[in-house]
Amino acid sequence: MSKVIDMVATHITKAVEDIGYEIVEITYKKYLGDMNLTIYIDKDGGVDLNGCELVHRTIDPILDEIDPTSGEKYILNVSSPGIDRPLKFERDYRRNLDKEVNISLFEKVGDIKKFVAILRAFDLQTGIIKVEYKGKELELEIKNIALIKPELKF
């Protein structure tokens, strides 16, 4: 992680949790010519615009005080990570247990490379997930997964 991200996470996490949200991810990167500090938040039941605004108002004075960019200009964004965000962290896998996930592999397993399956188990320590695909259990190495995200049905 970058120094800016580490500093921001250290100083805002408790304040964000105190108002009922969790930090999913923090990014600090150039976008459309400007540096953007983006705080992705979540909570049970999801995040709406009012929640993003509340978190923004809560962390803005903290960031002004700690000056994580040493005076360099940046744009602060607070956002929901989106319902179709890729599974990255243990909490993402936990939330999607026994639900359909869309999987793209780097290398085929059998004759499949892109498919929808039910996430049955995961072990991030060993790097293995188990899914149910067409009634059969498959064991997949996480390092072979190019993308795994919730399957959305409308």
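This report walks through a helix, a small sheet and some salt bridges in the structure above.

The model is predicted, so keep in mind that local features need pLDDT of at least 70, that side-chain atom pairs count only at pLDDT 80 or more, and that totals for chains, interfaces and linings use all residues. Residues are numbered from 1 along each chain as its sequence is written, and side-chain values use heavy atoms, with hydrogens and water left out.

**Helix 1**

Let's start with helix 1, which covers residues 3–18 (helices are DSSP runs of H or I with at least four residues, strands are runs of E with at least two, and both are numbered from the N terminus). Its 16 residues reach 24 Å from the first C-alpha to the last. That is close to the expected 22 Å, where the expected span is 1.5 Å times one less than the number of residues.

The helix isn't straight, though: a kink of about 45° is centred on Ile 12. The bend at a residue is the angle between axes fitted to the seven residues ending there and the seven starting there.

Ile 12 is also one of the buried residues of helix 1, along with Val 4, Ile 5, Val 8, Ala 15 and Val 16. Buried means under 20% relative accessible area, exposed means over 50%, and partly exposed is in between (1.4 Å probe, protein chains only). What covers these buried residues? The cover includes strand 1 (22–31), strand 2 (34–42) and helix 2 (49–66). After helix 1 comes Gly 20, with a positive phi near 95°.

**The sheet**

Strands of a sheet pair through backbone hydrogen bonds, either parallel or antiparallel. Here, an open sheet of three strands has the order 1-2-3 and mixed pairing (two strands pair if DSSP finds at least two bridges between them). Strand 1 and strand 3 (75–79) are at the edges with a single partner strand each, so one side of each has no neighbour in the sheet. On average, neighbouring strands in this sheet are turned by 20° against each other, direction ignored.

Strand 1 and strand 2 run antiparallel and are joined by nine bridges. Within this part of the sheet, Glu 25 sits opposite Tyr 40 in strand 2. Helix 1 packs on the sheet, touching strand 1 and strand 2 (contact means heavy atoms within 4.5 Å). Its direction makes about 145° with that of strand 1; axes are lines fitted to C-alpha atoms, for helices over the stretch in contact, and angles run from 0 to 180 degrees between N-to-C directions. Helix 2 lies across strand 2 and strand 3, at about 145° to strand 3.

**Salt bridges**

Side chains of opposite charge can pair when their charged atoms come close. How many salt bridges does the structure hold? There are 15, counting a side-chain nitrogen of Lys or Arg within 4 Å of a carboxyl oxygen of Asp or Glu. Here are some of them:

| Pair | N to O distance |
|---|---|
| Arg 57 and Glu 53 | 3.7 Å |
| Lys 153 and Glu 100 | 2.7 Å |
| Lys 130 and Glu 139 | 3.9 Å |

Arg 57 and Glu 53 are four residues apart in helix 2, so about one helical turn separates them. Arg 57 is exposed at 51% relative accessible area, while Glu 53 is partly exposed at 44%.

Lys 153 is exposed at 63%, and Glu 100 is partly exposed at 30%. For the third pair, Lys 130 is partly exposed at 30% and Glu 139 is exposed at 52%. Salt bridges with shared partners also join Glu 22, Asp 42, Arg 85, Arg 91, Asp 92 and Arg 95 into one network.
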